[in-house]
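Subject: Structure for your review: aromatic contacts

Dear colleague,

Please find below the structure that I am handing over to you. A summary of the findings on its aromatic side chains follows.

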Amino acid sequence: MKKSIGLLSALALSTLCSQTVFAQDEKAALVPLPSLDDFTRGDDGWAVGLGLGVEYESAYEGSDEFGFEIDPAGAVQWRTGDNIFYFAGEALGWRGLRDDVWLFEATVGFDEGREEADSDDGRLNGLGDSDEGAEFVLQARRAFNADWRYWLDGRIIASEDGNLGLFGVGRRFGEQNDGTGSELAVVAVFHDSDRANKDFGITAAQSTASGLPATNLDSGIRSVGVHYNYRQYVAENWLIFVEGLYEHYLGDVADSPITRNNYEAELGVGFIYIF
């Protein structure tokens, strides 16, 4: 990603191409939000997009260490009317549009957990590795009108290790209906005590092994954050994307010994080829 250099290059490239490439007819996405990949070009049937992304991000939640990570991007999708079924890496799901202003989504995903080795500075030594496992995500978005200029978002992430609730409001920029342009969302995140302690708690045994004080967290607000998405075609089948995330921890989470920074941040750029 090369930090800001990659970001500026991507934005410059999209600007140079905008007067030529984007003269092509736009194909309506299921919902014209850059945060939701839609490779179907408005047609029923199969669609495939494959690519790579490079992220500069926190090493783990609450970390003061940052590093680069390369991840695959894209998805395999099948569209029928106002429904898209998809497989995207570690997620299998469905999303459907209803009455032009309601979007519902259900996903089965995978949480990789946290490993002691995630900290190069040994900040997690003695805490052990947290469990990997499946997550079930239910989401509903409600647009203020059919152009999806403004929208509200509610999401529940459930697992055997606890639950998260996310509530947000967003704005889409640009006039495109093909899922390109940019989007900004503000989100509040809540967790129950099981999830809070999985991510930021320290048991008596972990305290003895790590030297950190035992910590037990209650349910409540976890953080507030800002999420930015940008999508743009630079050729008929080539799509570039930029994503940015800033999450500011609140309450007990900010006071946990695991939380070396009171925020988590991430910036990523990448490309996807649509077949």
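Phe-190 is partly exposed, as its relative accessible area of 35% falls between the limits for buried and exposed. Please note that the model is a predicted one. Phe-167 is likewise assigned to the partly exposed class, with a relative accessible area of 49%.

A search of the whole structure returned 13 aromatic pairs. One of them joins Trp-78 and Phe-85: the ring centres are 6.1 Å apart and the planes make an angle of 35°, a tilted arrangement. Trp-78 has a relative accessible area of 34%, which makes this residue partly exposed. For Phe-85 the corresponding value is 38%, and Phe-85 is also partly exposed.

Phe-167 and Phe-190 form an aromatic pair as well, with 6.0 Å between the ring centres. Their planes stand at 70°, over the 60 degrees required, and the pair therefore counts as edge-to-face. This contact links distant parts of the chain, since Phe-167 belongs to strand 8 (residues 162-173) and Phe-190 to strand 9 (residues 181-191). The two residues are 23 residues apart.

Two further findings concern other aromatic residues. A single aromatic cluster is made up of Tyr-56, Phe-66, Phe-68, Tyr-246 and Tyr-263. In addition, the face of Trp-151 has a charged residue over it: Arg-141 lies there, 4.6 Å from the ring centre.

With kind regards

Definitions and conventions:
Residues numbered from 1 in each chain as written. Predicted model: local features only at pLDDT ≥ 70, side-chain atom pairs only at ≥ 80, totals over all residues. Heavy atoms only, no water. Phe/Tyr/Trp six-rings, centres within 6.5 Å; stacked < 30°, edge-to-face > 60°. Buried < 20%, exposed > 50% of the residue type's maximum accessible area, 1.4 Å probe, protein only. Helix = DSSP H or I, 4+ residues; strand = E, 2+ residues; numbered from the N terminus. Lys NZ or Arg CZ within 6 Å of the ring centre and 35° of its normal.
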